[in-house]
Amino acid sequence: MSKTTTMTEVGYDAWLRYRRIEPGERRTELDQFDGIVIEGPDEPAAHTAAQELSRGLSQMLGREISIMESAGDRPCFVLGLLGHSPILDEVFSEGKASLQLGAEGYALRYKPDSARFAIGAENASGLLYGVFDLLRRLGTGQSLQGLNISERPVNVLRMVNQWDNMDGSIERGYAGASIFYENHRFTQNLERITDYARLLASTGINAISINNVNVHRVETGLITKEFLPDVAKVAEIFRSYGIKLFLSINYAAPLEIGGLSTADPLVPEVAAWWRERADEIYQAIPDFGGFLVKADSENRPGPFTYGRDHADGANMLAEALEPYGGLVIWRCFVYNCKQDWRDRKTDRARAAYDHFVPLDGRFKENVILQVKNGPIDFQVREPVSPLLGAMPATNQMIEFQITQEYTGQQRHVCYLVPQWKEVLDFDTHLKGEGSTIKRIVDGTLHSSRYSGFAAVSNIGNDANWTGHLLAQANFYGYGRLAWNPDLSAEAIAEEWIKLVFGSDERVNQVILRILMDSWSIYESYTAPLGIGFMVNPNHHYGPNVDGYEYSMWGTYHFADCHGIGVDRTKATGTGYTSQYAEPNQSLYEKLETCPDELLLFFHHVPYTHVLQSGKTVIQHIYDTHFEGVERAEELVELWAGLSGLMEDSLHQQVAERLAEQAEHAKEWRDQINTYFYRKSGINDQQGRRIY
């Protein structure tokens, strides 16, 4: 898809719009620069950095800012590697050792006396991130005056997982079809993939897996000579933006496409088959990142079939990739998906911890366990997974879900960065106070070699990438948070708003309010007090209180005429609370200290139980669902007030989504309230209409 004014107006350029800077002090400051010079690296990412800077500045200034062969005496932007450029070494006279930029860091410095703006790094990826930082600052209205900063990413691996299938569909995709595949082949529209790489790199993403973790028959062949030339073309695009390409693999591939009679990881022929595949892959893609694996989970094949464990399976693959520096990312989303709903002791929440903690220390160094942020499945509210940090001798990374599977499917607005911030700031106390999740996933708590962030992508081929324009904020926010988990949710939202909608203060404040309120609004009319999964089965959109209550998936609320909730205590329940370190274990174990928002996740209580808020459980359910509808309707009014302050096409597409949300919130309110009124027989204290 080519870049046109029409595409800009529908949101295709997202936060890379590069609005014109109007005449004034900031414009005068930039008008002095003649061009851009690269000093040092002759690498794809370095040339990409210079091209991106030229593109951004040219759009902002309305004139061509070209790439020059040499600086001479002209005012210019200088990009280069420290220690390889006399100009940069003069600007950064303290030397790269003092700057401590690392592999992907960068330094920005403006020296007005020499009319040089310097972007220095230790490698080409750092230059790319430095350029996008500069453009972000200019796009949000900042001045170059006094700019003297150095940055490096907190997390080594900052990854996006595509759940794209080669038939063109996307599992849990809510923004159109795949931009990678159609009709079981790779797309020929490589320009759109390039534009996606730009968006990823601009937020600091450095890794991507390009196919669904549920690997089907055709996708199993991505690791073979039939598809590797196409995979290599895509890898080349991402390489130019500093992004490594990974593939999700089918654990049973030796059986399904390899002509073997087994996929047992301890059988030498199986290990040899994977070594041959690794050799072929790295011949085609020398910087291939590695494999993402979903095994023994939700009917996917894995080592359990042969009486082996996850360490056996992961290590066999890791040995095949090890000579090339490749990684195995092994998902920990493993549980019994054929549970008997009558069984009150088997607990899906316990499963990941129970499966993996006994294996601590057995995984090879190039294996990373990918752990979902919560113990269930990306619900609107659930506790932090106790598996995170519980394996000090094993590499771990956290997995978030940008795509809004259980949070409105990009038909409802739900800004997820505040939720992710709560997870990252959660103190596990595994090594005493200050043992936060963000210190676990950045590798500092346990001195892990590999660690970081992964998230399920929310993009498709819709014109604005994410279906709901405001859902772009989740995509942008994930990248920024993976780069620096200490950024605030408000600061990230403010950046995105200014880059997409411009500098109008009224627009900025209204959209910021909508985003920052959206998670609590969505939670209020959907999931009460930590109970999730009250959704229609399979597609997961819309209310269905008993949709999974008598199913095999282990996602129960146990509501009856007396009460509701899951007893996960050590004393009388499943014992899940014992997976946390103190004081969190006692906090959740005791009814009187368990936070209200998670009460029903950890305890089964009567409807008349009084919360810490002073309300009963049943009245809380009624009140929040009525209030949630009112707040959703208020979003419609707030957005309507922005008409005429942005392009009509942008305003209209969000207005339509917010109107749908407000109407759908009523369906949630009425189904939830009616269900629990009929279960409990307890009237609403305010006498509102419940059917």
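The exercises below work through salt bridges, the barrel, aromatic rings and backbone geometry in this structure, each with a stepwise solution.

The model is predicted, so that local features need pLDDT of at least 70 and side-chain atom pairs count only at pLDDT 80 or more, whereas totals for chains, interfaces and linings use all residues. Residues are numbered from 1 along each chain as its sequence is written, and side-chain values use heavy atoms, with hydrogens and water left out.

**Exercise 1. Determine which parts of the chain are tied together by the salt bridge of glutamate 647 with arginine 17.**

Step 1. A salt bridge is defined by a side-chain nitrogen of Lys or Arg within 4 Å of a carboxyl oxygen of Asp or Glu, and the structure holds 38 of them. In glutamate 647 and arginine 17, the closest N and O atoms are 2.6 Å apart.

Step 2. Glutamate 647 belongs to the loop between helix H21 (617–640) and helix H22 (648–680), and arginine 17 to the loop between helix H1 (5–10) and helix H2 (25–31), so the bridge ties together parts that are 630 residues apart in sequence. Helices here are DSSP runs of H or I with at least four residues, strands are runs of E with at least two, and both are numbered from the N terminus.

Step 3. Accessibility is classed as buried under 20% relative accessible area, exposed over 50% and partly exposed in between, using a 1.4 Å probe and protein chains only. Glutamate 647, at 21%, is partly exposed, while arginine 17, at 10%, is buried.

**Exercise 2. Locate the partners of the salt bridge between arginine 688 and aspartate 623, and state which network contains them.**

Step 1. The closest N and O atoms of arginine 688 and aspartate 623 are 2.5 Å apart. Arginine 688 is in the segment after H22 and aspartate 623 in helix H21, so this pair ties together parts that are 65 residues apart in sequence.

Step 2. Arginine 688 is partly exposed at 22% relative accessible area, and aspartate 623 is buried at 4%.

Step 3. Helices H21 and H22 are also tied together by glutamate 633 in H21 and lysine 666 in H22, which are 33 residues apart in sequence. Their closest N and O atoms are 3.7 Å apart.

Step 4. Salt bridges that share partners join Lys615, Asp623, Asp684 and Arg688 into one network.

**Exercise 3. Describe the strand order of the barrel and the packing of helix H9.**

Step 1. Eight strands, in the order E7-E10-E11-E12-E13-E14-E15-E16, form a closed barrel with parallel pairing, where two strands pair if DSSP finds at least two bridges between them. Neighbouring strands of this sheet are turned by 25° against each other on average, direction ignored.

Step 2. Strand E10 (residues 207–209) and strand E11 (residues 244–249) run parallel and are joined by three bridges. Serine 209 stands opposite phenylalanine 246 in E11.

Step 3. Helix H9 (residues 228–239) packs on the sheet and touches E10 and E11, its direction making about 140° with that of E11. Contact requires heavy atoms within 4.5 Å, and axes are lines fitted to C-alpha atoms, for helices over the stretch in contact, with angles from 0 to 180 degrees between N-to-C directions.

**Exercise 4. Classify the ring pair of phenylalanine 333 and tyrosine 335, and identify the charge over the ring of phenylalanine 333.**

Step 1. Rings of Phe, Tyr and Trp (its six-membered ring) pair if their centres lie within 6.5 Å, with planes under 30 degrees apart counted as stacked, over 60 as edge-to-face and the rest as tilted.

Step 2. The ring centres of phenylalanine 333 and tyrosine 335 are 5.2 Å apart and the planes stand at 55°, so the pair is tilted. Phenylalanine 333 is buried at 8% relative accessibility, as is tyrosine 335 at 7%.

Step 3. Lysine 372 lies over the face of phenylalanine 333, at 3.2 Å from the ring centre; the criterion is NZ of Lys or CZ of Arg within 6 Å of the ring centre and within 35 degrees of the ring normal.

**Exercise 5. Find where the cis peptide bond and the positive phi of asparagine 299 occur.**

Step 1. Most residues other than glycine have a negative phi, and most peptide bonds are trans.

Step 2. The bond from glutamate 582 to proline 583 is cis, with omega near 5°, and proline 583 is in the loop between strand E17 (563–564) and helix H19 (584–589).

Step 3. Asparagine 299 has a positive phi, near 75°, and is found in the loop between strand E12 (290–293) and helix H12 (310–321). At 53% relative accessibility, asparagine 299 is exposed.
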